[in-house]
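Visitor: I am new to this structure. Please pick one part and take me through it closely, step by step.

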Amino acid sequence: MARSAGPAPLRVAVSGARGRAGREIVAALNADPGFVCAAEIEEGDDIAAALRSSSAQALVDFTTPAAGLGNALAATDAGVAPVVGTTGLGESAVARVREACAAAGVGGCVAANFSLGAVLLMWLSELASSYFERCEIIEAHHAGKIDAPSGTALRTAELMLAARDGRRFDHSRAERETLAGTRGGEFGGAAVHSVRLDGVVADQSVTFATAGQTLTIEHRTTSRAAFAPGVLLAVRAVLETGRFFDGLAEVLRLPANSAIRGLMSSSTA
Ligand code: NAP
């Protein structure tokens with residue numbers, strides 16, 4: 001008896017396909033029978049022609065802030081759903097991609113962080129933040145990273161503070177800091193420490209403390225392949241739902257932490 005064919009693999013073009021992140025996305029698409037890497041697009045290529053000739057359904061963009069918006073709009077013009085990982089586009093560019101998706105009737109996604117573990121770490125930290133008085137974040141990245149702390153560390157601190165309605169953590173200061181900077185930076189009373197070492201990709205731990213206990217949530221990135229599973233999830237979600245997703249947390253359908261806190265307080269009342 002002939003075996004019935006499964007659903008056709010999703011056809012995905014990648015712009016920035018030979019870049020560090022793009023290479024990982026191409027490899028992940030080629031390794032997954034649910035996807036086909038339909039086109040590898042680089043700077044100077046005719047993106048509209050490449051999308052047309054490859055019959056791509058989605059375009060994954062990991063290029064530069066200067067190119068990302070134009071590539072996403074080229075995708076929507078061609079009726080192709082953009083999934084943008086390029087960082088630094090700015091809020092107005094994200095709004096333009098969202099509007100272009102709506103006008104073209106295609107789904108889309110823009111996410112500054114496609115790492116599943118990093119997004120879950122932020123969400124879990126946000127959830128835990130209301131129950132502890134003290135918090136210290138330690139992030140580690142490769143020695144060449146130009147900014148400190150990392151955007152993820154700052155965003156984690158912002159989300160935690162918002163979840164506490166702005167209530168600061170109780171920051172424990174050394175009475176006498178014999179080496180300047182040893183207690184790290186501070187955001188909303190949470191200490192933030194940055195480590196820069198060759199060999200590290202991107203790690204972050206968030207440690208909370210209250211009377212008699214600590215809780216540590218830790219994420220470690222071992223290679224740039226870390227971004228690929230989140231990108232493939234986003235492509236599938238965008239093509240299956242036709243929706244626009246603002247960040248990977250929306251793709252993962254993480255419930256709002258405020259709703260969960262409400263459930264927890266009513267079940268323990
Ligand atoms: P990269 O190694 O420099 O790769 C960028 C690639 O894009 C290069 O191959 C570049 O080609 C190509 N490119 C430049 N302009 C283009 C255009 N107009 N059309 C098509 N391709 C073009 O950089 P990367 O480390 O892969 O990072 C790329 C972007 O993704 C950055 O914004 C980074 O912050 C972001 N990123 C996001 C995540 C996330 O989770 N969202 C994860 C990793 C990286 P040439 O070298 O020939 O110019």
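Guide: What follows is a walk through one sheet, with a short stop at the ligand afterwards. Keep in mind that this is a predicted model.

Start with the whole sheet. It is open and has 5 strands. Their order is β7-β8-β6-β9-β10. The pairing is mixed. Strands of a sheet pair through backbone hydrogen bonds, in a parallel or an antiparallel way. Now look at the edges. β7 covers residues 185–187 and β10 covers 213–221. Each of these two has a single partner strand, so one side of each is left without a neighbour in the sheet. Neighbouring strands are turned by 20° against each other on average, ignoring direction.

Go in from the β7 edge. The partner of β7 here is β8, residues 190–196. The two run antiparallel and are joined by 3 bridges. To find the pairing by eye, look for G185, which stands opposite V192 in β8.

Helix α5, residues 116–128, packs on this sheet. It touches β9 (202–210) and β10. The direction of α5 makes about 165° with that of β10.

Next comes β6, residues 134–141. β6 pairs with β9 in the antiparallel sense, over 8 bridges. Here I138 is a good marker: it stands opposite S205 in β9.

From β9, step across to β10. This pair is antiparallel too, with 9 bridges. A209 faces T214 in β10 as its opposite residue. The two strands form a hairpin with 2 residues between them. In that hairpin, G212 takes a positive phi near 70°.

As you trace any strand, remember one rule. In a regular strand, side chains alternate between the two faces of the sheet.

Now the stop at the ligand. There are 21 residues around it. A21, E42, E43, T87 and F114 come nearest. By class, this shell has 7 nonpolar, 9 polar and 5 charged residues. Two helices, α1 (20–31) and α3 (65–77), each supply at least two residues of the shell.

Three contacts are worth finding. A polar side-chain atom of E42 is 2.8 Å from a ligand oxygen atom. A polar backbone atom of R20 lies 2.9 Å from an oxygen atom of the ligand. At G16, a polar backbone atom is 3.5 Å from a ligand nitrogen atom. On its own, the ligand has 930 Å² of accessible area, and the protein covers 73% of that.

Methods: Residues are numbered from 1 along each chain as its sequence is written. This is a predicted model: local features need pLDDT of at least 70, side-chain atom pairs count only at pLDDT 80 or more; totals for chains, interfaces and linings use all residues. Side-chain values use heavy atoms; hydrogens and water are left out. Two strands pair if DSSP finds at least two bridges between them. Helices (H or I, at least four residues) and strands (E, at least two) are DSSP runs, numbered from the N terminus. Axes are lines fitted to C-alpha atoms, for helices over the stretch in contact, and angles run from 0 to 180 degrees between N-to-C directions. Contact means heavy atoms within 4.5 Å. A residue is near a molecule or strand if one of its heavy atoms lies within 4 Å of it. A polar contact is a pair of N or O atoms within 3.5 Å; within protein, one must be able to donate a hydrogen and the other to accept it, and residues adjacent in sequence count only if both atoms are side-chain atoms. Accessible areas come from the Shrake-Rupley method with a 1.4 Å probe; for residues, only the protein chains shown count as cover. Ala, Val, Leu, Ile, Met, Phe, Trp, Tyr, Cys and Pro count as nonpolar, Asp, Glu, Lys and Arg as charged, and the others, Gly among them, as polar.
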